[in-house]
Amino acid sequence: NYKCLDVSVNNDNNITTVTLKRPPVNSLNLDLLSEISDVLTDLKKSKSPGMILTSSSDKVFTAGLDIMEMHKPDPERFKQFWYALQDVWMKLYGSPFPTAAAINGHAPAGGCLLAMCCEYRVMVQNFNIGLNETQLGIVAPIWFIKTMLNTISIRDTELALTTGRLFKTDEALAVGLIDEMATDKADALKKANAFFERFEMIPPIARAYTKDSLRGSDIEDLKKNREKDIQTTLSLITQPKVQQGLEFYLALLKNKKE
Ligand code: CO8
């Protein structure tokens with residue numbers, strides 16, 4: 001009963017595959033984020049052995065945050081939107097169950113964030129992934145940055161973030177932003193499913209506590225600063241220069257077709 005997601009359970013290993021399905025580019029608006037948040041709550045409640053995140057598109061994993069939610073935002077709607085994003089981040093980055101992303105298309109900005117929240121990333125060749133926020137004239141929030149720091153080195157994070165770098169699949173593999181490369185979606189799903197075999201002999205409590213030891217303090221930091229983070233983001237996003245930057249970027253996206 002989700003509008004923008006397909007949720008299916010693999011009968012062999014009980015791993016749930018959550019497929020983003022909001023054409024054309026799975027951009028993360030309030031509706032999609034709310035559904036992802038709900039599914040993560042369900043999986044935690046049902047003590048799922050694991051989740052794979054993938055996309056129904058054959059060229060985009062997700063295009064990141066829906067720029068329309070940030071362009072001339074209604075403050076109340078924006079607050080709900082940002083709250084939903086924080087929720088998804090806290091639930092996915094901190095999930096007690098293991099997670100893998102089968103990245104079967106481009107994963108810029110928020111798309112890269114969702115992939116990095118997972119514990120393992122398999123990506124189909126010849127797509128792009130990265131936190132390209134500076135290219136849009138916006139700044140990745142500190143919790144986006146911490147998520148990247150949990151994935152690649154401080155040095156590579158600084159270079160990638162200041163330049164807004166998008167990595168091709170093979171470049172992402174070289175820097176450790178992804179764990180494995182795949183030839184197509186089926187291959188990515190096969191490799192993502194194989195990741196969970198590593199935990200067959202590991203007591204779930206031990207693995208969940210270990211993950212929490214590594215990631216828990218990042219989540220606590222956001223929990224303490226949730227309201228402040230919303231206010232800071234709203235005041236940043238509503239600056240005329242930032243709005244002009246977003247308009248320019250939207251026009252670029254539209255014009256590239258012509
Ligand atoms: N939001 C809204 N609409 C989008 C987005 C988006 N993120 N991305 C694409 N679209 C729209 C396009 O404008 C186009 O619309 P239309 O059909 O009306 O012309 C439609 O989706 C299809 O897009 P494309 O034709 O570009 O599709 P392609 O398959 O050729 O390309 C890409 C797919 C590579 C994903 C490409 O669309 C792209 O590069 N998109 C932009 C990705 C991006 O830079 N996203 C950044 C979003 S910002 C973010 O996630 C974090 C923000 C942190 C906030 C900090 C606040 C201070």
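**Ligand contacts and a three-strand sheet in a predicted model**

Q: In this predicted model, which residue has a polar backbone atom 2.8 Å from an oxygen atom of the ligand?
A: The contact pairs a ligand oxygen with a polar atom of the protein backbone, at 2.8 Å. A polar contact is a pair of N or O atoms within 3.5 Å. The residue that supplies the backbone atom is L65.

Q: How much of the ligand's exposed area does the protein bury?
A: Besides the contact at L65, a nitrogen atom of the ligand is 2.8 Å from a polar backbone atom of I67. The side chain of Y249 places an N or O atom 2.6 Å from a ligand oxygen. Taken alone, the ligand exposes 1,100 Å², and the part of this buried by the protein is 83%.

Q: Which elements give two or more residues to the shell around the ligand?
A: The ligand takes up the space of the largest pocket. Elements that contribute at least two residues to the shell are α2 (67-70), α10 (226-237) and α11 (240-255).

Q: How many charged residues does the shell around the ligand have?
A: The ligand is surrounded by 30 residues, and K254, K256 and K257 are among those that come nearest. By class, the shell has 18 nonpolar and six polar residues, and the number of charged ones is six.

Q: Why is one side of β5 and of β8 left without a neighbour in the sheet?
A: The open sheet has mixed pairing and runs in the order β5-β7-β8. One side of β5 (107-108) and one side of β8 (167-168) lack a neighbour because these strands stand at the edges, each with a single partner strand.

Conventions:
Residues numbered from 1 in each chain as written. Predicted model: local features only at pLDDT ≥ 70, side-chain atom pairs only at ≥ 80, totals over all residues. Heavy atoms only, no water. Near = heavy atom within 4 Å. Polar contact = N/O pair within 3.5 Å; in protein donor to acceptor, adjacent residues only side chain to side chain. Areas by Shrake-Rupley, 256 points an atom, 1.4 Å probe, with all protein chains shown as cover. 1 Å grid on protein atoms, 1.4 Å probe; cavity = no way out; pocket = protein on both sides within 12 Å on 5 of 7 lines; lining within 4 Å. Sits in = over half its atoms within 2 Å of the grid points. Helix = DSSP H or I, 4+ residues; strand = E, 2+ residues; numbered from the N terminus. Nonpolar A, V, L, I, M, F, W, Y, C, P; charged D, E, K, R; others polar. Pairing = 2+ DSSP bridges.
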